[in-house]
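Dear colleague,

Please find below the structure that I am handing over to you. My notes on it follow directly after.

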Amino acid sequence: MDKFTVLDLLQLDLKEHDALNLKCMAGRTGLVREITLPEIDRPGLALSGFFENFAFQRIQVFGRGENAYLKKLENEGQTDTIGRILSHEIPCCIFTFNINPTQAFFRIAEKAKCPILQTDLPSSEFSARVMRVLSNIFAPNQTIHGVFVEVFGVGILIKGDSGVGKSEIALELIERGHRLVADDAINIRCVSGNYLLGKGASVVISHHMEIRGLGIINITHLFGVGAIRDEKKLELVVQLEEWDSKKVYDRIGSEESIDILGIKVPFVIIPVKPGRNIPIIIETAAMNERLKRMGYDSAKEFSSNVMNWLETKSARAYFLEEKHTFK
Amino acid sequence: MVECLVTIKNRAGIHARPAALLVQTATQFSSKIIIEKDTERINGKSIMGVISLGATYNSQLKLIVEGADEQQAIAALVRLFENKFQEE
């Protein structure tokens with residue numbers, strides 16, 4: 001991953017419940033400082049002059065309490081502790097509740113080239129949001145080649161060798177009313193260690209597709225905003241393969257899965273051959289996956305029904321044979 | 001054309017898994033494969049057909065194979081029945 005700087009944090013495109021509402025108030029030259037940890041620190045102890053185990057690598061959050069203490073220090077003329085705090089390589093200081101730090105604090109920060117940011121959010125809400133945002137950014141991730149689509153609400157990653165027809169199949173799915181998340185380079189993140197989120201590796205190119213013979217097309221412009229989405233949970237991986245008559249394909253439906261970033265994702269291999277309507281097969285796979293999540297596994301249910309039927313037949317045959325003994 | 005009578009030797013009969021195994025074996029050969037049980041006649045390369053026979057323990061089936069590789073095909077199929085479909 002590239003270095004994640006304070007400037008990147010300011011430039012993140014976050015909406016609604018994720019918005020951090022940050023603006024930079026001082027120390028602009030320090031915006032290139034790197035954020036290395038997805039954690040925050042309240043610098044209460046450091047302010048009182050206790051620097052043992054001071055977590056200076058973290059973002060420092062100043063709330064009402066910290067600010068009141070800063071004012072008190074300044075009134076008493078003890079600004080050297082502020083200098084000591086800011087002499088550490090702190091990524092940035094963030095003031096919540098729209099608090100304006102004092103002029104003395106600004107001066108010291110400018111001198112130390114430490115960026116000072118401000119947000120209108122309350123401290124607790126800001127902490128929760130920034131932790132969520134940072135853990136997302138620092139989540140383990142991987143870039144996978146394929147097409148990522150949403151079909152009937154199920155996030156499906158279509159993989160396969162180039163030329164097998166991934167993009168054409170995705171195009172047909174979009175045409176049938178499903179959505180494109182990204183084409184070609186998909187960035188998969190493991191969020192909080194239990195599910196995977198996928199989106200385009202680059203915002204600029206993610207809603208474009210390359211179709212052989214047509215070149216680059218813009219899905220948003222051609223099919224409308226309803227045909228795209230930015231991000232989606234990955235729930236199924238479909239591998240497309242050239243039909244190999246010697247290979248044995250799944251006939252009853254087994255429970256195969258593939259490991260991505262330590263998470264098991266249901267996995268199906270679909271052989272491609274001229275005349276096979278792959279988009280419809282993928283639609284059916286999506287619906288079957290939804291059904292499984294609702295607790296109904298078609299393959300298992302079918303199998304157990306057949307077993308029951310055979311058992312009943314068997315028992316009946318046995319009973320008919322032994323009939324004479326009932327006299 | 002070759003014909004052969006076989007008996008189901010696995011207790012559970014031909015349920016989904018043995019049927020899949022049978023069909024997988026059958027599709028490896030180019031010969032036409034028909035399975036008969038009582039009055040029913042089905043294509044041995046169709047999984048739903050094989051399951052619908054409802055072949056239970058000790059019931060008898062007739063395999064009818066016709067084509068270029070009929071000898072190998074019938075041998076492979078009979079072996080499956082003898083091995084109780086790798087069950088038990």
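The notes below cover the domains, one helix with its buried residues, and one pair of packed helices.

Please bear in mind that this is a predicted model.

Chain A is divided into domain 1 (6–137), domain 2 (141–296) and domain 3 (300–327). Between the C-alpha centres of domain 2 and domain 3 of chain A there is a distance of 44 Å.

I turn next to helix H5 of chain A, which spans residues 103–112. Four of its residues are buried, namely A:Ala104, A:Phe105, A:Phe106 and A:Ala109. The buried residues of H5(A) pack against both strands and helices of chain A: the strands are S1 (23–26), S3 (59–62), S4 (93–95) and S5 (116–118), and the helices are H3 (64–75) and H4 (80–87). Just after H5(A) comes A:Lys113, whose phi is positive, at about 55°.

The second point concerns two helices of chain A, H7 (residues 166–175) and H9 (residues 278–293), which pack with their axes 9 Å apart and at an angle of about 65°. Because angles of 65 to 115 degrees count as roughly perpendicular, H7(A) is described as roughly perpendicular to H9(A). Their crossing is right-handed. On the H7(A) side, the contact involves A:Ile169, A:Glu172 and A:Leu173; on the H9(A) side, these meet A:Ile278, A:Pro279, A:Ile282 and A:Glu283. Of the residues in this contact of H7(A) with H9(A), 5 are nonpolar and 2 are charged, while none is polar.

With kind regards

Key: Residues numbered from 1 in each chain as written. Chains lettered and ligands numbered in written order. Predicted model: local features only at pLDDT ≥ 70, side-chain atom pairs only at ≥ 80, totals over all residues. Heavy atoms only, no water. Axes fitted to C-alpha atoms, helices over the stretch in contact; angles between N-to-C directions. Parallel < 35°, antiparallel > 145°, perpendicular 65-115°, else oblique. Left-handed = near helix turned anticlockwise from the far one by under 90°. Contact = heavy atoms within 4.5 Å. Nonpolar A, V, L, I, M, F, W, Y, C, P; charged D, E, K, R; others polar. Domains from an automatic or database assignment. Buried < 20%, exposed > 50% of the residue type's maximum accessible area, 1.4 Å probe, protein only.
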